Amino acid sequence: MAKRATHTVGLDIGTSRVSCIIGEMNEATGLLEIVGIGEAESRGLRKGVVVNPEAAVDAISRAVEEAERMSGLEAEAVTINLAGTHIMGLNGQAVVAVSGRDREITADDVRRAIDSACAVQLPAGREIVDRLPQEFIVDDQDGINDPVGMIGARLAVRVHIITSPVTARQNAINAVNRAGLIVADMILSQLAAAEAALTEEEKEFGAALVSIGAETTGLVIYQRGAVQHTAVFALGGAHFTNDIAFGLRTPVPEAEKIKRAFGYASSANLHEAERGEMIEVPSVGGRPPRQLSRQILCDILQPRAEEVLTHVADEIREAGWERQLSSGVVLTGGGAMLGGMIEIAEQVFDAPVRLGYPERDRFGGLIEDIQSPAWTTAAGLCLIAQRALDR
């Protein structure tokens, strides 16, 4: 009989980088011990979708091998992220009669109800990739998380359904398989980030997690402990970099360095001394570098930050959740690390905003090495995989 694996692997395949985390559950502390991490520059994806399989396979292999070397463990089955602007979320609901003679609700009744709620007409080429129950209603009693064992005649359920094109999902799986790995599960990127960064109180009382990647930004809204709404936007951190490259007439790689070293998105929160700080900007075509003030850089970044976050705020308002996010907004992803994003977000959302990190009450081991919004998705994938292993 094959030995049961004791470690899990989270693999975040992003547009700009691939991140891998290997974790083992510590039974004594109840924490997922991070024992290996690896990352590699990603070149085979556009807007979260694999467009160059060879390049994607190479990046996946390098990130996983680095994590394997650090942990001394071998990665076999991995839990990966589902990303891309092609992903759509919708809500469904259904009512079924309780089948048992004694009217006690069973797991089979729950399955029938969820299946009925998910029996929606999808466009050709799309498939349901996740079904997330929001609440169950037994007769007229609502707000039930698990109705199994309750007595009732009618069982209703509300479900959040996530759909994706079959080909986009399969291309990601094929790239992982070609790297010599097996895909154990595939989780929507912002859902994985939420598992690592949101507290149970935030999920219960209402919170929006906004995961800003390189070319996409993901949104998930929680309330009453369940996913209420999801969306993906075709905007991300790479747009900031491109704005700098165009506005300052500098190569894209240099623009990325300038963004990371000096970028700030909120002009009002830039100190007077920082406004006049001069930045050396490499030129193109062999021309000598120029000196520009940090205020000019801020003037380029702030409109883009406002645009990205306004798209998200509009989605929240149109979905009817604008005044129901008692716990505010949590920003994660590499794009959230740009200075001044919190201040701009608080203005746009008119709500409290914080950066999201892998929570210390869930992770141990190399936790200090992943205390960054950029690691939340990989950490969440690893945690979800561990929970599935424990079931």
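A pocket is here an open set of grid points with protein on both sides within 12 Å along at least five of seven lines. The model is predicted.

The second largest pocket has a volume of about 570 Å³. Its lining comprises 18 residues. Leu132, Glu195, Tyr222, Ile384 and Arg387 are the ones that lie nearest the centre of this pocket. Several secondary-structure elements contribute to the lining. Strand 8 (126-138), strand 11 (182-188) and strand 14 (226-233) each supply at least two residues. So much is also true of helix 4 (189-197), helix 5 (200-205) and helix 11 (376-390). Strand 8 provides the largest share, four residues. By class, nine lining residues of the second largest pocket are nonpolar, eight are charged and one is polar.

Enclosed space was examined next. The search of the whole structure returns one cavity of 30 Å³ or more. The largest cavity holds about 100 Å³ of space. A set of 13 residues lines the largest cavity. Nearest its centre lie Gly48, Ala83, Ala168, Ala172 and Met186. Strand 5 (49-50), strand 6 (77-82) and helix 3 (166-178) each give at least two residues to this lining. Helix 3 contributes the most, with three residues. The lining of the largest cavity divides into nine nonpolar residues, three polar and one charged.

In composition, then, the pocket lining has eight charged residues, whereas the cavity lining has one. Nonpolar residues number nine in the pocket lining and nine in the cavity lining.

Conventions. Residues are numbered from 1 along each chain as its sequence is written. This is a predicted model: local features need pLDDT of at least 70, side-chain atom pairs count only at pLDDT 80 or more; totals for chains, interfaces and linings use all residues. Side-chain values use heavy atoms; hydrogens and water are left out. On a 1 Å grid over the protein atoms alone, a cavity is a set of points where a 1.4 Å probe fits but cannot get out, and a pocket is an open set with protein on both sides within 12 Å along at least five of seven lines; lining residues have an atom within 4 Å of a point. Grid points are joined across faces, edges and corners, and a volume is the space filled by probe spheres set on the points. Ala, Val, Leu, Ile, Met, Phe, Trp, Tyr, Cys and Pro count as nonpolar, Asp, Glu, Lys and Arg as charged, and the others, Gly among them, as polar.
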